[in-house]
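Here are a few backbone exercises to work through with the model open beside you. Try each one yourself before reading its solution.

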Amino acid sequence: MGHDITAIAANPVPSAISDSSAAQRKFAAPDLWRFCGLAAQLALLMAVFRLYHVEDLAFQTMANIVCGAFLVHYWLPFRWQEPFLAAVSIGGAFLLLHKPVPELLVAIGLLLFLFLRLPIRFRWRLVLVAGVLAVLIYGCATGRLPIPGPFYAVFGGIFIFRIVIYAYDVGYGEEPIELVPFLNYFFILPNYIFTLFPVIDYQTMRHTRYQRDTHQIAQQGIQWIARGVIQLCLYRLVFYFNDQYLPDRVTSLRSLVTNMVLTYLLYLNVSGRFHIAVGMLHLFGYDLPETNRKYLLANSFKDLWRRINIYWKDFMVKVFYYPVYFKLRKRGDFQAQMLATAAVFVASWLLHPYMSFWLIGRWTFSWVDTIFWAVLGALVMLTTLYERRRKKKPRLRGWQASGLHALQVLGTFTAMTILWSLWYSPDFRSWTYLMTHWMGGGR
Amino acid sequence: MNQSLRRKLGSFWPATALTAVTLIAMGVVAQASTVLFKSPAGRPAAILIAVMRSREILDNAGVRGYYERLLGKYGKMDQDYIYDRSFRIFRFKPNLTWEHDHVTTNSLGLVGPEVSLRKPPHTRRLAIVGASLTTGQGVQYKETYGALFENRLNAMQPNGPGERFEVLNLSCISYTLPQIVDTAIEDAPRFEPDVYMLDLNELAISTEWSRHLVQLTQLGIDPKYDFLRDIVRSAEVSRQDSTDVMYGKLAPYRLATLRGELRALEASVASHHVPLLVLLIPAVEAGDLCKRRMSTIADVIHELDVPVIDLLDSYDEYLNPSVLAAFPGDVHPNHRGHALMAENLYRKLQAQPDAWAAVLGHPVAGARAAADAAHASASMK
């Protein structure tokens, strides 16, 4: 594959796997003993959720619904499984969200579905969808629509990015637009609680459903949920130890380094939630890929980009990288790669404030955001350039290779820690204060 | 594991066993922490486990990064306040009821039942100023530590049956220190208090300490006090800055601002010839988080020339103080938490003759005798 940024396809669909209904049916076949094994682990998970006070009561309710739904879904005939999950997910909205948020969510969701199914040219369908979003943006920004504030966060968490992917997939793909897959793609139970949600790819979700034995898929999901819980618990420890380092308390180099490392580790909160969310989808046969993979061990910025928030990277690659790359390829492969990569980071820079607008009602554009995304993009592009040149040189072997790898991991971690501390500062002056305050002994 | 057994089990059962063991181990660790907590050697480990189990510690966020902003919870109690363009920006509406508003205020806007503006005869008035912890967010007024302390004083009658005690609660939810201090300077004297008690807690001195200054700047309201004007000027905070940028610009001035506020209060109270007590009030958090946060202003507290009553150890017996929270995941104490604080306050005051003398209005030697008498009376009861 020529385009380096996508070198590790995060959504590999093994060629041997057929997505035909017959194969899926076979993989979905129940087995009493394995079911008992899964159910026992879910019971343990519920106990751990309670013991460790994972999230709030709404989360506990959602987890109960997910587990209850799994116990029924597992034994249902194959053709009833997806409609059942859609019904539980819609019903769950009414249990987990306050009126009239679920009613509005379902109504607007169905409106979007109807618009996308209209027998008119696709571009006009997109115009209608964009019109709905524009009206809601106006409502969210001004509060002049008769819509309660909490609706926008939930709607934003569910629709703003996935509708782009869905429209992209149904626009370029040949799959028919059907209601049940639409509902199962958007109305995902954990998404009502976790408005900050991995940007799941529609095609991947469809193609990976029962792509292997259901027990293995569910087992992996439970493992990921457990991993997510552990990460959320560790996040609390990180939060606890980082708490004492208010900027005016960073009075030594040691406290500065501690503050910066702990600030970077706060990302555990995001990766923990994402593991739980995707783990729960595994219980229903969706064999989705990992959302974050050992990102602290990345040995370059390009490697980091492939490991941290992988779904975001995939979203960017699909919607921005490929279109730009294929448009510019005639000018030269390398130039197209660089420009497409730049487009990805510009889009990431713009879409993060867009997400905060929906989730908390505020655009969060700032200079540090701009610097963060510009530097990160530049580092990824430089790594691409470096690796392209290095390919021509002989590779190191043995302890030299291991040593170099360790240094690369340490270097990436250090650089990312510095960059992250900048991103977490409200402005450049605050970051400079944080970086230099210790030099005067904290005076 | 030999080849045939591995084939028989496949990858499912080993993974199941590993996950189940992990989850069981997590349960065991959680349960074991209560045992560890009882031994001095096991205490640090128990506290770390308690922190991992605590949702409350995330309630008063210590960081304001991109994701923390997205995941933050933004509560509003707008309907309980009167907003104006005064220095304090907002204050409680009068006549709020617990049933309707989850806060009780009297016709003067003070937390609690009706009181007269003039001090009644044979009454010793204690004015407490503070924020949500003293208001008693999540508990009824009669369950707050202020009300319980008043009951305790009146039951013990340390000044004899001829004099009763009245605790006036001038606190307001969401106030930070400048607003609290301004309440003490502007409102409290009207009630002729004999003692001022300042609730100093981590919520006012930690990350959000500058919230009020940020709001003043955003609303274009004059910071009123010269030292605050100087700080806003030095920090170069302007209305054009975003909220987070303002927090960032003010961050270096935390200790200077706290010092200025406490000195302003000390000076004002001294001008009325009334004693001031500073109460260090704990929030409900695991891992001694409030002690850790308060330790960041230890120098400022030591500089104070008034008695400081440290109540931060009120929940020390609880490894997981979440059982004392008004709501799950909240840092405000419930009725049990307030009762522990009231008890601790009474005990600590008696143990500090200067503070106890201030409460009773006695000379220090007399207060010591009164404390002994009260202690003896309590023992007999």
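**Exercise 1.** Find out whether Lys294(A) is buried or exposed, and describe its backbone.

*Solution.* Start with accessibility: Lys294(A) has 60% relative accessibility, so it counts as exposed (buried is under 20% relative accessible area, exposed over 50%, partly exposed in between, with a 1.4 Å probe and protein chains only). Next, locate Lys294(A) in the loop between helix 14 (268-282) and helix 15 (301-307) of chain A; helices (H or I, at least four residues) and strands (E, at least two) are DSSP runs, numbered from the N terminus. Finally, read phi: for Lys294(A) the angle is near 45 degrees, positive in a residue other than glycine.

This is a predicted model, where local features need pLDDT of at least 70, side-chain atom pairs count only at pLDDT 80 or more, and totals for chains, interfaces and linings use all residues. Residues are numbered from 1 along each chain as its sequence is written.

**Exercise 2.** Describe the setting of Ser174(B) in the same way.

*Solution.* Ser174(B) sits in the loop between strand 4 (164-169) and helix 8 (177-186) of chain B. Its phi is positive, about 80 degrees, though Ser174(B) is not a glycine. With 32% relative accessibility, Ser174(B) counts as partly exposed.

**Exercise 3.** Which residues does a cis peptide bond join?

*Solution.* The bond links Lys99(A) and Pro100(A), with omega about 0 degrees. Now place the proline: Pro100(A) belongs to the loop between helix 4 (78-96) and helix 5 (101-117) of chain A.

Notes: Chains are lettered from A and ligands numbered from 1 in the order in which they are written. Side-chain values use heavy atoms; hydrogens and water are left out.
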